[in-house]
Amino acid sequence: MNTLNYILWNPDLTAFSIGPLSFRWYSLCWLVGLMLAYLVVRRLYKEQKIADEKFEPLFIYCFVGILIGARLGHCIFYQPDVFLTSWKGFVQMLLPIHILQDGSWKFTGYEGLASHGGTLGLMLALWLYVRRTGVALWTVLDNIAIATGTTACFIRLGNLMNSEIIGRVTDVPWAFIFERVDQAPRHPGQLYEAIAYALLFGLMWYLHKRLPKKIGTGWYFGLCLTYIFTFRFFIEYTKEIQESFEASLPLDMGQLLSIPFILLGVWCMVKASRKKV
């Protein structure tokens with residue numbers, strides 16, 4: 001195998017440092033993705049003449065809901081044997097630290113976030129937001145759905161910079177060799193998803209201009225779920241399994257968790273299509 005035929009990938013995890021503070025690419029990608037979604041939804045609220053004071057709390061609800069949901073989703077769905085079987089694991093599930101053998105600890109950030117859990121956390125957070133502000137639930141869900149592609153794209157770019165969620169070994173000419181993992185050419189599954197989610201945002205933005213009256217019906221929310229998790233289901237065939245127990249399953253955990261979201265998305269679109277707009 002001639003490794004020169006493939007893309008060698010081993011970027012520095014740190015984007016830049018200011019004094020003792022280091023800023024990792026992964027964190028920056030999360031922040032950029034969330035900020036872009038913030039700007040998109042802010043514009044949608046203005047287009048729909050929703051009061052500014054009802055918009056302001058939305059970002060906090062989304063950030064907290066996604067972070068908590070993604071963290072719990074990873075720990076519960078993928079590594080319950082690590083995080084749910086001891087007090088040490090339980091603490092590390094909730095706090096961004098690693099407890100050392102001598103009882104001391106070091107800050108690590110949250111190493112392990114699951115998109116399915118993040119989606120559930122976001123949905124719960126938006127329900128709480130709606131109860132507080134009185135903005136119609138389907139309107140909020142559709143607005144968030146239109147912006148979701150931006151955040152999802154940058155999160156996957158963050159995974160790429162971390163050389164995590166790697167693909168299966170392949171001989172395609174665009175294969176990446178993730179040097180921090182091994183010397184095998186692999187599918188850049190993170191890049192596939194990032195491109196797909198960027199295209200999703202372009203599609204959503206185009207459709208919302210053509211079909212503005214569908215905002216508030218749940219149609220955009222349904223389309224978002226159906227698109228993302230259908231793509232996620234099939235892209236899993238190019239990825240390595242994340243945990244060993246998945247090898248004994250007929251479908252991997254990412255595929256199994258995608259199916260309910262696909263069904264929910266289709267139901268939302270069918271329901272919305274029956275409404276007169």
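A disulfide here is a pair of cysteine sulfur atoms within 2.5 Å. Keep in mind that the model is predicted, with local features needing pLDDT of at least 70 and side-chain atom pairs counting only at pLDDT 80 or more, while totals for chains, interfaces and linings use all residues. Residues are numbered from 1 along each chain as its sequence is written, and side-chain values use heavy atoms, with hydrogens and water left out.

**Exercise 1.** Work out how many disulfides the rule gives, and why cysteine 62 is in none.

*Solution.* Start with the sulfur of cysteine 62: the closest cysteine sulfur belongs to cysteine 224 and sits 12 Å away, which is too far for a bond. Next take cysteine 153, where the nearest cysteine sulfur, that of cysteine 29, is 8.8 Å off, and again there's no disulfide. The count ends up at zero. As for exposure, buried means under 20% relative accessible area, exposed over 50%, and partly exposed in between (1.4 Å probe, protein chains only). Cysteine 62 counts as buried because its relative accessibility is 10%, and cysteine 153 is buried at 11%.

**Exercise 2.** Find which residues have the most contacts inside the largest nonpolar core, then follow valine 140 outward.

*Solution.* A nonpolar core is a set of buried Ala, Val, Leu, Ile, Met, Phe, Trp, Tyr and Cys residues joined through side-chain atoms within 4.5 Å. The largest one has 51 residues, and Tyr45, Leu58 and Val140 have the most contacts inside it. Helices are DSSP runs (H or I, at least four residues), numbered from the N terminus; among the elements giving two or more residues to this core are α1 (25-47), α7 (137-162) and α10 (253-273). Now for valine 140: skip its neighbours within four places in sequence, and contact (heavy atoms within 4.5 Å) links valine 140 to Tyr45, Leu58, Leu126, Tyr129, Val130 and Val135. There's also a second, separate core of six residues, including Phe176 and Phe178.

**Exercise 3.** Decide whether aspartate 142 is buried or exposed, and list what it touches.

*Solution.* First, place aspartate 142: it lies in helix α7. Then check accessibility: aspartate 142 is at 0%, so it counts as buried. Finally, leaving aside neighbours within four places in sequence, the contacts of aspartate 142 are Lys214, Ile215, Gly216, Thr217, Gly218, Trp219, Tyr220 and Phe221. For a distance check, aspartate 142 and leucine 67 are 75 residues apart in sequence and 20 Å apart in space, C-alpha to C-alpha.
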